[in-house]
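Here is an informal walk through a two-chain model, meant to be read with the viewer open. Have a look at the strands and the chain-to-chain contact before reading on.

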Amino acid sequence: MSAESDPDYVYVIYIKASREKVWAALTDREERAWWANTRHDTTFEKNAPLAFRRNGRVDVRGVIKEIDPPKKLVYTFRSEGPGPQHDEGDSLVTYDLAEDGDATKLTVLHTGFVKNSNLRNAISGGWPSVLSSLKTMLESGGRDNYTFGAMRKSA
Amino acid sequence: MAEEMTPDTVYITYIAATAEDVWNALTLEAFTKHYFFGMHIHSEWREGAPWALYKPGGECAVSGTVLTADRPHLLQVSWAVEGVDLPECIVTYTIEPHGMVVKLTMTEHHPAPLDPAWLEGGKDGWPKILSGLKTLLETGQVLPIPMPSPPEEAAS
């Protein structure tokens, strides 16, 4: 961390599901309520483009930098408009999945923020809601009817 | 006041439960023994009252004073780990309605700069503790992760 950038963001959550199931959910390509009705538009191959599509628009664009199922995924993350965070350039997201007992420890590391980043402020609210929804979905037997995020579509 | 300090550790989780359920899970030993390193919590949960966490064998692990008890939305306690020479910190839980669920925010404030190794203990522990609380309230089951040593042992 330098004085020219905001600190890295890290969120850790433990999920009562196998690492393979957590990986499958994180690399799913259907529209999912638990991810605030987002669809991941990508082939999940190294160097493939990635788009988070929701409500007919793209929220996030990036490129898959590293993929090692079911342990690690790294992608660039650039917020599309609207909002002030969209012109802060590329940040970097890393998922790390580790087995811990009969649960999975999921660590999301988000790095590469500018100083006084609007994006960091936005994702600090976003990751806890998305990953709380993921945990509930997997621990309730895969029912995709939980959206904890503030961005949820009115049902 | 604690509200004006910058928290050293923050953990947010959303739980499909009522605020009252989350308050009970934080304050009753029938819940804490299933997600908080196996420890039993005890207090009358009124402002100025003592509170403590006891290890399964009955030894006190953490103790302090209830600073704010605004059931079921705000609980703030001082937090002193037994057997170590550390200034007490302040732990605050806020429980806010969020649509059909609740948002639980835990903040840990330290009054003075602390050895990063101590902060790491909390940064490692809180996700385990609060992931376990969420699983317990939503499914009635215990999160199957190895119970780590209580914080004062893990950091020594």
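How many residues sit between β3(A) and β4(A) in their hairpin, and which residue in the turn has a positive phi? The hairpin leaves two residues between the strands, and A:Asn55 in the turn is the one with a positive phi, at about 50 degrees. Bear in mind that this is a predicted model.

**The sheet of chain A**

Stay with that hairpin for a moment. Strands β3 (residues 49–54) and β4 (residues 57–68) of chain A run antiparallel and are joined by six bridges. To find the register, look for A:Ala51, which stands opposite A:Arg61 in β4(A). At the turn, A:Arg54 has A:Arg57 as its bridge partner in β4(A).

Moving along, β4(A) pairs with β5(A) over six bridges, again in the antiparallel sense. Here A:Glu66 is matched with A:Val74 in β5(A), and three residues make the hairpin connection from β4(A) to β5(A). One of the oddities of the model is found here: A:Pro70 is in the loop between β4 and β5 of chain A, and the peptide bond joining A:Pro69 and A:Pro70 is cis, with omega about -10 degrees.

Now zoom out. These strands belong to an open, antiparallel sheet of seven strands in chain A, in the order β1-β7-β6-β5-β4-β3-β2. At the edges are β1 (9–15) and β2 (39–41) of chain A, each pairing on one side only. On average, neighbouring strands of this sheet are turned by 25 degrees against each other, direction ignored.

A helix packs on this sheet too: α2 (residues 118–139) of chain A touches β1, β5 (72–79), β6 (91–100) and β7 (103–111) of chain A, and its direction makes about 10 degrees with that of β1(A).

One more spot to check in chain A is A:Ala36, in the loop between α1 (19–26) and β2 of chain A. Its phi is positive, near 50 degrees, though the residue is not a glycine. Most residues other than glycine have a negative phi, and most peptide bonds are trans. That makes a short list of backbone spots to click through, from both chains:

| Spot | Backbone value |
|---|---|
| A:Ala36 | phi near 50 degrees |
| A:Asn55 | phi about 50 degrees |
| A:Pro69 to A:Pro70 | cis, omega about -10 degrees |
| B:Arg71 to B:Pro72 | cis, omega near 0 degrees |

**The sheet of chain B**

Over in chain B, seven strands make an open sheet with antiparallel pairing, in the order β1-β7-β6-β5-β4-β3-β2. Why do β1 and β2 (40–43) of chain B each have one side without a neighbour in the sheet? They stand at the edges with a single partner strand each, so nothing in the sheet flanks the other side. From one strand to the next, the twist averages 20 degrees.

Within this sheet, β5 (residues 74–81) and β6 (residues 89–98) of chain B pair over six antiparallel bridges, with B:Trp79 matched to B:Cys89 in β6(B). Helix α3(B) packs on the sheet, touching β1, β5, β6 and β7 (101–109) of chain B, and its direction is about 10 degrees from that of β1(B).

As for loops, B:Pro72 of the cis bond is in the one between β4 and β5 of chain B. B:Glu59 is in the loop between β3 (50–54) and β4 (60–70) of chain B. Apart from neighbours within four places in sequence, B:Glu59 is in contact with B:Leu53 and B:Tyr54. For a sense of scale, the C-alpha atoms of B:Glu59 and B:Glu96 are separated by 33 Å, with their positions 37 residues apart along the chain.

**Where the chains meet**

Finally, the interface. In chain B, 24 residues are in contact with 24 residues of chain A. Together the chains bury about 1700 Å², 59% of it on carbon and sulfur atoms. The rule finds zero salt bridges across this interface, but 14 residue pairs are in polar contact there.

On the chain B side, β1 (9–15) and α3 (116–139) are the elements that give two or more residues. The largest share, eight residues, comes from α3(B). By class, that side has 13 nonpolar, seven polar and four charged residues.

So what does α3(B) lie across in chain A? It crosses β1, β6 and β7 of chain A, running at about 40 degrees to β1(A).

Conventions: Residues numbered from 1 in each chain as written. Chains lettered and ligands numbered in written order. Predicted model: local features only at pLDDT ≥ 70, side-chain atom pairs only at ≥ 80, totals over all residues. Heavy atoms only, no water. Contact = heavy atoms within 4.5 Å. Buried area = accessible area lost by both parts, 1.4 Å probe. Salt bridge = Lys/Arg side-chain N within 4 Å of Asp/Glu carboxyl O. Polar contact = N/O pair within 3.5 Å; in protein donor to acceptor, adjacent residues only side chain to side chain. Helix = DSSP H or I, 4+ residues; strand = E, 2+ residues; numbered from the N terminus. Nonpolar A, V, L, I, M, F, W, Y, C, P; charged D, E, K, R; others polar. Pairing = 2+ DSSP bridges. Axes fitted to C-alpha atoms, helices over the stretch in contact; angles between N-to-C directions.
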